[in-house]
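Here are some short exercises on helix packing, with worked solutions. Take a look at the model, then try each task before reading on.

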Amino acid sequence: MEIADYIIADDRVLVELVLQGDNIAFEYLFERYKEAIHRLFIQRTNNPLDADDLLQETFIKVYINIHRYNPAYTFGQWVYTIARNTFVDFIRRRQEDLPIDDKFTAPPSNNPTPEENIIRQQQRTQIERYLQAMPPRYRQLIVMRF
């Protein structure tokens, strides 16, 4: 098959050629989808090295399982599904590698501490005292504003 034939061939035709043992057809499938899948992994991991590893792992799975490809779906959908599942497995492995203390630690609370609550209450009381000392006309302006 000529190079031009590979370039214009439909994904399903290339898959058929791969199933017949044509590795060049797989190279063309890889070239068609590698950048989109790599961008997906970069967005999800924010780490180019992890994205490279995930891309390689995805296309190894594609190559090993290409006989399971169902032509009812587009090849791109099938590759994307494998990529998504590969990413989920990556996240699970990363979680398994964490020490148990890191897995179950709660995030820091945004709630004020008891000391901060007391300080806020004291400030509020002081502001209310100042408001009571103001002439009613000015007090009403401040209350309406805040």
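**Exercise 1.** Does F87 count as buried or exposed?

*Solution.* Start with the ground rules: this is a predicted model, where local features need pLDDT of at least 70, side-chain atom pairs count only at pLDDT 80 or more, and totals for chains, interfaces and linings use all residues. Residues are numbered from 1 along each chain as its sequence is written, and side-chain values use heavy atoms, leaving out hydrogens and water.

Next, find F87 in helix α5 (helices are DSSP runs of H or I, at least four residues, numbered from the N terminus). Its relative accessibility is 13%, so F87 counts as buried (buried is under 20% relative accessible area, exposed over 50%, partly exposed in between, with a 1.4 Å probe and protein chains only).

Finally, list its partners: beyond neighbours within four places in sequence, F87 contacts F41, R44, T45 and L54 (contact means heavy atoms within 4.5 Å).

**Exercise 2.** Describe how α3 packs on α5.

*Solution.* First, the geometry: the axes of α3 (residues 23-45) and α5 (residues 75-97) come within 11 Å and cross at roughly 35° (axes are lines fitted to C-alpha atoms, for helices over the stretch in contact, and angles run from 0 to 180 degrees between N-to-C directions).

Then the residues: α3 contributes L29, Y33, I37, L40, F41, R44 and T45, which meet F75, G76, V79, Y80, A83, F87 and F90 of α5.

**Exercise 3.** At what angle do α2 and α3 pack?

*Solution.* Helix α2 (residues 11-19) packs against α3 at about 140°, with the axes 8 Å apart. That makes α2 oblique to α3 (under 35 degrees is roughly parallel, over 145 roughly antiparallel, 65 to 115 roughly perpendicular, and the rest oblique).

Definitions and conventions: Helices (H or I, at least four residues) and strands (E, at least two) are DSSP runs, numbered from the N terminus.
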